[in-house]
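Work through the exercises below with the sequence and the coordinates open. Each one is followed by a solution in steps.

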Amino acid sequence: MDVAKAYERTVDEILARNVDMVIHSGDVFDTIRPATHVVIHFIKQSARITGERIPYFGIAGNHETPRLRATTASLEYANFAGAYFACGFEPESEFVEAGEAGVGLSLVPHGAVLDRELVVMPRSDADINILVTHGTVPGLTIKGHELGEVDLPGHVLSGGFDYIALGHYHFFHEHKKNAFYAGATERFGFGEVDSKPGFAILEFDGSGGEPGIEHVEIEARAMVDLPKIKATDMSPNDLTDAIRNASEKADIEDAITRLKVSDAPVGVAGGVDRAVLRDIKRRCLDFSLEISEAGSADSPDGDDNVDASFGSLEEEFKSFVAARKESGDLQKDFADDFLTRGVEYLRQAGEAGR
Ligand SMILES: [Mn+2]
């Protein structure tokens with residue numbers, strides 16, 4: 001699947017709107033070492049912005065910040081296309097003529113956020129001052145839960161800026177009247193099934209007040225969460241029929257599709273008609289069938305993020321990583337990456353074994 005298309009569509013929308021400046025608040029890439037074709041796509045599309053003589057600035061997010069200060073971030077490729085991304089461990093300050101305004105940009109890449117003593121000041125020579133940074137703000141709540149971990153200290157976010165461009169949280173989200181997460185341009189998992197991918201347009205009227213802000217949605221891959229099937233007492237044929245019915249009731253063409261089945265009698269999952277599954281897989285971009293057996297730890301409708309077909313092994317792996325993270329044997333960022341990838345491999349192995 002072509003995730004990079006989202007960036008191209010975003011650039012299309014940006015260019016259609018005659019903007020005076022473009023700001024990226026981090027996590028262009030999801031890894032420190034993106035594949036070559038991804039980097040090339042990024043440079044080409046970025047050059048469409050700078051080719052119109054539109055100033056383009058950004059910062060590195062947590063995903064693309066090098067682990068070692070001595071290494072270089074892939075984002076620096078953008079600098080060859082005339083954009084500028086701050087990728088290091090220090091805040092940077094830029095003065096940019098954009099439209100009729102002199103704009104002061106305080107670029108605080110994720111690597112600099114880790115500095116607890118961080119102080120960032122607006123520029124006195126600028127008409128408009130914008131702070132660009134990446135991380136979790138105090139008080140950010142997701143699905144009713146406040147995130148315990150805050151990596152953007154409050155004192156940095158209160159310092160006299162006209163606007164704070166936040167990156168990291170994938171939803172378009174107002175933190176304060178003048179501080180927003182622009183949100184991601186693409187969905188990255190089923191936790192974001194309700195998100196509206198896009199970007200934010202800011203408008204400053206020169207009065208020194210809060211800018212107008214508009215969220216521009218862009219077309220993204222469709223994600224479809226099919227209604228859950230409770231498979232108590234079902235035979236393999238019953239379950240096959242239920243899966244086929246569920247897939248026929250929704251528009252899953254080219255979508256990323258998920259179907260959860262709970263309480264399947266032991267052994268029934270293996271008897272589901274493979275031809276039916278193959279047919280569904282052909283219709284959508286990606287089909288993830290998550291079957292939990294009756295009596296497995298996670299079969300009640302509790303945790304929505306658990307792939308129950310791998311309940312026990314996955315749970316064991318998760319608690320293994322959590323314990324190592326807790327004890328400090330694994331560094332937090334590494335532990336999170338390790339967990340995500342490990343779970344992915346377990347699920348892939350589960351798919352292949354079916
Ligand atoms: Mn991030």
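The exercises concern a predicted model and cover its sheet and two loop residues.

**Exercise 1.** Determine the strand order of the sheet and find its edge strands.

Solution.
Step 1. Strands of a sheet pair through backbone hydrogen bonds, either parallel or antiparallel.
Step 2. Here 3 strands form an open sheet, ordered E1-E2-E3, and the pairing is parallel.
Step 3. Strand E1 (22-24) and strand E3 (84-86) each pair on one side only, which makes them the edge strands.
Step 4. From one strand to the next, the twist averages 15°.

**Exercise 2.** How many bridges join E1 to strand E2, and which residue is the bridge partner of Ile 23?

Solution.
Step 1. E1 and strand E2 (residues 56-59) run parallel and are joined by 3 bridges.
Step 2. The partner of Ile 23 is Phe 57 in E2.

**Exercise 3.** Locate Asn 18 and state the sign of its phi. Is Asn 18 buried or exposed?

Solution.
Step 1. Most residues other than glycine have a negative phi.
Step 2. Asn 18 has a positive phi, near 50°.
Step 3. Its place is the loop between helix H1 (5-15) and E1.
Step 4. A residue is exposed if 12 or fewer other C-beta atoms lie within 10 Å of its own. Asn 18 counts as exposed because it has 9 C-beta neighbours inside 10 Å.

**Exercise 4.** Repeat the analysis for Arg 53.

Solution.
Step 1. Arg 53 is not a glycine, yet its phi is positive, about 60°.
Step 2. Arg 53 lies in the loop between helix H2 (36-50) and E2.
Step 3. With 7 other C-beta atoms within 10 Å, Arg 53 is exposed.

Technical notes: Residues are numbered from 1 along each chain as its sequence is written. This is a predicted model: local features need pLDDT of at least 70, side-chain atom pairs count only at pLDDT 80 or more; totals for chains, interfaces and linings use all residues. Two strands pair if DSSP finds at least two bridges between them. Helices (H or I, at least four residues) and strands (E, at least two) are DSSP runs, numbered from the N terminus. Axes are lines fitted to C-alpha atoms, for helices over the stretch in contact, and angles run from 0 to 180 degrees between N-to-C directions. A residue is buried if 20 or more other C-beta atoms lie within 10 Å of its own, exposed if 12 or fewer, and partly exposed in between; C-beta atoms are placed from the backbone.
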